[in-house]
Amino acid sequence: WLAFMSPKYRETHWYSTLVKCIGRSGPAFIKWGQWASTRSDIFPVCFCDALSELHADAPSHDWETTRITVEQSLQIPPNTLYD
């Protein structure tokens with residue numbers, strides 16, 4: 001409610017909190033945030049500026065995490081798909 005009523009609160013706190021939540025929600029949400037940051041014709045400029053952090057500061061993980069996730073998703077034995 002406070003974010004709706006107070007533009008200053010929205011610009012100083014709400015947008016940055018929302019960007020952090022998007023960054024933790026996974027790659028599809030991060031990609032949406034990156035796209036939305038370029039659409040100042042749809043969203044407020046301050047919101048687009050906050051979302052632009054997702055271009056350079058998107059969360060990342062190492063290759064091992066990716067390998068394990070793919071192997072588990074495909075239900076294959078460890079270390080058989082990628083050598």
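In this predicted model, the cover over the buried residues of helix 3 includes helix 2 (7–24), helix 4 (45–51) and helix 5 (53–56). Helix 3 itself spans residues 27–36, and its buried positions are Ile30, Gly33, Gln34 and Ala36. These residues lie on the same side of helix 3, because they cover an arc of only 165° around the axis. Pro27, Ala28 and Lys31, on the other side of helix 3, are exposed. An α-helix has 3.6 residues a turn, so residues three or four places apart point the same way.

Two of the buried positions of helix 3 were examined individually. Glutamine 34, which is located in helix 3, has a relative accessibility of 14% and therefore falls below the 20% limit under which a residue counts as buried. Beyond the residues up to four places away in sequence, glutamine 34 touches Leu54, His55 and Ala58. The side chain of glutamine 34 is also joined to that of lysine 31 by a polar contact of 3.0 Å. This contact links a buried residue of helix 3 to an exposed one.

Alanine 36 also belongs to helix 3. Its relative accessibility is 0%, so alanine 36 is classed as buried. When neighbours within four places in sequence are set aside, alanine 36 is in contact with Phe43, Cys48 and Leu51. Between alanine 36 and aspartate 49 there are 9.9 Å in space, C-alpha to C-alpha, for a separation of 13 residues in sequence.

Alanine 36 and Ile30 are also among the members of the largest nonpolar core. This core has 9 residues in all, the others being Tyr15, Val19, Ile22, Phe47, Ala50, Leu51 and Leu54. At least two residues of the core are supplied by each of helix 2, helix 3 and helix 4. In soluble globular proteins, nonpolar side chains tend to be buried together. One member of the core, leucine 51, touches Val19, Ile22, Gly33, Ala36 and Ser37, with residues up to four places away in sequence left out of the count. Three of these partners, Val19, Ile22 and Ala36, are themselves listed in the core.

For the chain as a whole, the secondary structure consists of 6 helices and 0 strands, and the order along the sequence is α-α-α-α-α-α. The radius of gyration of the chain is 17 Å, whereas a compact globule of 83 residues would have a value near 12 Å. Along the principal axes, the C-alpha atoms fill a box of roughly 55 × 25 × 15 Å. Of the 83 residues in the chain, 22% are buried. The exposed surface of the chain comes to about 6300 Å², and 60% of this area is supplied by carbon and sulfur atoms. Among the contacts with a separation of 6 or more, 32% are between residues 24 or more positions apart.

The segment after helix 6 (63–74) contains glutamine 75, and asparagine 79 is found in this segment as well. Glutamine 75 is not a glycine, yet it has a positive phi of about 55°. Asparagine 79, likewise not a glycine, has a positive phi of about 60°. With a relative accessibility of 73%, glutamine 75 counts as exposed, while asparagine 79 is partly exposed, at a relative accessible area of 47%.

Terms used. Residues are numbered from 1 along each chain as its sequence is written. This is a predicted model: local features need pLDDT of at least 70, side-chain atom pairs count only at pLDDT 80 or more; totals for chains, interfaces and linings use all residues. Side-chain values use heavy atoms; hydrogens and water are left out. Buried means under 20% relative accessible area, exposed over 50%, partly exposed in between (1.4 Å probe, protein chains only). Helices (H or I, at least four residues) and strands (E, at least two) are DSSP runs, numbered from the N terminus. The arc is that of the directions from the helix axis to the C-beta atoms. Contact means heavy atoms within 4.5 Å. A polar contact is a pair of N or O atoms within 3.5 Å; within protein, one must be able to donate a hydrogen and the other to accept it, and residues adjacent in sequence count only if both atoms are side-chain atoms. The radius of gyration is taken over C-alpha atoms; the globule rule is 2.2 Å times the number of residues to the power 0.38. Accessible areas come from the Shrake-Rupley method with a 1.4 Å probe; for residues, only the protein chains shown count as cover. A nonpolar core is a set of buried Ala, Val, Leu, Ile, Met, Phe, Trp, Tyr and Cys residues joined through side-chain atoms within 4.5 Å.
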